Amino acid sequence: MESESKNLLELHDIEAGYGRAALVLRGLSVVVPPSSVVCLVGPNGAGKSTVLKVASGMLVPRSGSIRIDGRDVTGDGPQRMLQNGLAHVLQGHSVFREMTVGENVMLGAFTVSDEKVVRERVEFVQNLFPIVGERWKQLAGLLSGGQQKQVEFARSLMVSPKVVLLDEPSMGLDPKTTAKVFEQVARMRDAGTAVLLVEQNARRALETADIGCVLDLGRVHISGPAAELLADPTLADLYLGGQPSSGTDASTRS
Amino acid sequence: MPSASNPGPVITETIVVAPSAPVRPSWSKWVRITLLVVGAALVLAFPTIAPNPYILSAGVVILNYAVLSTGWNFMGGFTGYISLGHAAYFGLGAYGTALLIRNFALPSFLAWFVAALLVAIIAIPVGIAALRVRGASFVIVSIAFVLILLLVFQSWRDVTGGSEGLTVPRPFPDLLRPEHHRVFYYLFAALLAVALAVWWIIDRSKFGTALKSIREDEDKSQSLGVPTTQYKLIAYVLSAVFVSFGGGLYALWFGDLDPIFQFSILIGSYMVLMALLGGVRNLFGPLLGAVVVGSALEYFKLEFGDTQFHLIATGILLGVVVLFMPDGIIPAVKALFTRSSNQASIREVTAGELLEENRARSAETVPPRRPDASGEETP
């Protein structure tokens with residue numbers, strides 16, 4: 001975190017909130033180095049999803065700065081952020097259910113005008129997620145939850161993003177499928193795309209991640225190599241399935 | 001911990017180059033082509049086999065409905081925005097054509113084109129205003145627009161003739177009635193063919209895919225970079241233009257306009273109902289709906305005379321279809337034929353595979369949360 005220039009994505013001292021309500025993020029800083037999975041964990045209301053919304057331009061921070069590859073992009077909206085190289089995979093099931101897998105994936109490339117690049121990306125995502133090629137002409141709504149997740153991943157990769165923002169990819173999936181989803185997250189990373197991940201299923205996510213950040217009350221409480229966080233007994237007790245969180249909703253503290 | 005500095009892509013999968021999922025059996029293509037040829041032949045042969053001019057004129061009415069409904073489907077089918085007020089463009093097209101001929105002495109078919117152009121220009125601001133709202137609000141706005149036009153065209157007697165109506169000069173004054181019907185039957189058929197062709201092209205284009213994503217989830221579509229506002233507007237204007245062409249051709253054919261009919265909620269509702277009946281996601285859905293509802297309407301009118309019974313009978317017909325074929329006739333019929341075909345299981349692994357995998361894992365000494373790196377395969 002010291003050498004700023006080599007990070008793909010940097011959120012620095014971000015303050016953000018919804019409407020006039022209390023701040024959700026209070027001076028949060030997160031960095032995503034190249035080819036890494038950074039995982040945000042923390043209790044409900046800590047501001048995990050808000051971090052992704054800020055990064056993807058859906059929520060403009062009140063203060064602080066966002067840098068991509070060292071370039072200041074603070075204040076850019078969702079479409080600009082997409083062009084800047086940040087693709088957001090929303091919480092829950094977000095495929096277009098009544099459209100084919102192929103149409104879903106091609107929509108991911110909507111902003112890409114070069115046909116050759118699109119073809120290359122199609123091949124790339126089909127290699128990474130074979131199910132996408134196998135079910136290309138089927139309705140996405142007919143796939144299982146885990147397969148739909150792969151379609152979403154593939155769709156987000158079509159713009160050749162620098163960083164993919166994943167909001168709770170394991171939501172609504174059984175443990176077995178969850179394991180596979182994290183395996184795929186690792187494969188995205190191995191194929192060269194950095195990932196900023198938000199996850200309730202903290203232990204599972206940290207096993208995949210390279211860097212973990214524990215969020216509480218709108219800031220990064222502790223961060224470090226994911227393996228170290230996992231090994232820390234206090235942390236494990238507090239955030240990784242020890243007690244359920246209580247009274248940590250950011251808005252109660254204003 | 002997996003290394004963060006791993007530079008090269010590690011892809012160990014078998015390479016799937018072509019998306020070659022054989023979803024449809026190969027004979028399906030020939031069934032389609034056969035149906036298309038037979039359908040087109042039937043449409044073209046109808047004037048010859050029609051027993052009398054009355055039946056032929058009913059055919060013209062049905063084709064007119066088909067044009068309107070297919071035109072409506074540019075908006076309703078692709079974007080899911082249900083407009084109940086498309087009769088506005090039917091009326092504007094008809095009155096525009098008539099007034100341009102009467103007041104500016106334009107040749108009939110030039111007037112027809114100019115009217116459609118003017119409708120396109122009018123549809124832009126109306127579309128911008130109406131498309132700011134979604135769902136039920138959009139329906140209300142669309143109805144409001146047609147009601148306003150109805151009042152304007154009824155009250156502005158000097159120009160529109162008000163409730164007394166407006167006669168439209170005939171484009172082919174020498175033709176006898178049956179010949180007149182026959183010519184217009186083919187004109188409507190040609191217009192329908194153009195509308196269907198444009199719909200088909202959009203359906204397979206990137207533009208069409210983007211429109212369909214708006215239908216499913218507009219916010220999500222926007223987040224992928226689709227300029228939803230502009231795209232909706234283009235679809236809306238295109239839809240208005242085709243409905244206007246339908247209205248203009250109606251004016252030239254029928255030769256007499258009355259605001260209460262041209263700007264009726266009923267006409268607007270017919271467009272929606274026909275499209276829903278046939279299936280809004282299918283190219284020929286609105287056409288099929290027009291044939292069914294249009295024939296039913298004509299038959300009931302003949303049977304029950306000048307009462308409102310034809311509306312009740314049509315309502316019951318629609319109730320039955322919505323109950324048993326909620327997606328429309330075409331998807332329901334398709335499902336009959338493809339039900340037993342090769343829809344692959346959505347399970348990612350079979351129970352047998354799972355058992356095998358678990359057994360293999362328990363035999364190893366590695367921690368249990370590192371499954372092997374193979375993808376998900378369904379046998």
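**Two domains of chain A, and how far to trust the model**

Between domain 1 of chain A and domain 2 of chain A, there are 3 residue pairs in polar contact, with both partners at pLDDT 80 or more. Salt bridges don't join in here: the rule finds 0 of them across that interface. Keep in mind that this is a predicted model, and the predictor gives the complex an ipTM of 0.76 and a pTM of 0.80.

**How chain A is divided**
- Domain 1 of chain A is pieced together from 1–85, 163–174 and 194–254, while domain 2 of chain A covers 88–160.
- Measured centre to centre isn't the right phrase for a model, so put it this way: the computed C-alpha centres of the two domains of chain A lie 25 Å apart.
- To the contact, domain 1 of chain A brings 14 residues and domain 2 of chain A brings 13 residues.

**What the domain interface is made of**
- Interface size is often quoted as the accessible area that is lost when the parts come together.
- Here, domain 1 of chain A and domain 2 of chain A bury about 1,100 Å² between them, and 67% of that is on carbon and sulfur atoms.
- On the domain 1 side of chain A that touches domain 2, α1 (48–55) and β7 (163–167) each supply at least two residues.
- The biggest giver on that side is β7(A), with 4 residues.
- Sorted by class, the same side of domain 1 of chain A has 9 nonpolar, 2 polar and 3 charged residues.

**Salt bridges**
- Side chains of opposite charge can pair when their charged atoms come close.
- Over all chains, a search of the whole structure turns up 15 salt bridges.
- One of them links A:K149 and A:E152, whose closest N and O atoms are 3.0 Å apart.
- Those two residues, A:K149 and A:E152, sit 3 residues apart in helix α6 (residues 145–157) of chain A, so about one helical turn separates them.

**Where to be careful**
- Chain A averages a pLDDT of 86, with 92% of its residues scoring at least 70.
- Residues 243–254 of chain A fall below 50 in pLDDT, though the model still gives this stretch 21 contacts beyond near neighbours in sequence.
- For chain B the mean pLDDT is 84, and 83% of its residues reach 70 or more.
- Residues 341–345 of chain B are below 50, with 8 contacts beyond near neighbours in sequence.
- Residues 365–379 of chain B also stay under 50, and the model has 30 contacts for them beyond four places in sequence.
- Where pLDDT is low, don't read the predicted coordinates in detail.

How values were computed. Residues are numbered from 1 along each chain as its sequence is written. Chains are lettered from A and ligands numbered from 1 in the order in which they are written. Side-chain values use heavy atoms; hydrogens and water are left out. Domain bounds come from an automatic or database domain assignment. Contact means heavy atoms within 4.5 Å. Buried area is the accessible area (1.4 Å probe) that two parts lose on being put together, summed over both. A salt bridge is a side-chain nitrogen of Lys or Arg within 4 Å of a carboxyl oxygen of Asp or Glu. A polar contact is a pair of N or O atoms within 3.5 Å; within protein, one must be able to donate a hydrogen and the other to accept it, and residues adjacent in sequence count only if both atoms are side-chain atoms. Ala, Val, Leu, Ile, Met, Phe, Trp, Tyr, Cys and Pro count as nonpolar, Asp, Glu, Lys and Arg as charged, and the others, Gly among them, as polar. pLDDT is the predictor's confidence in each residue, from 0 to 100.
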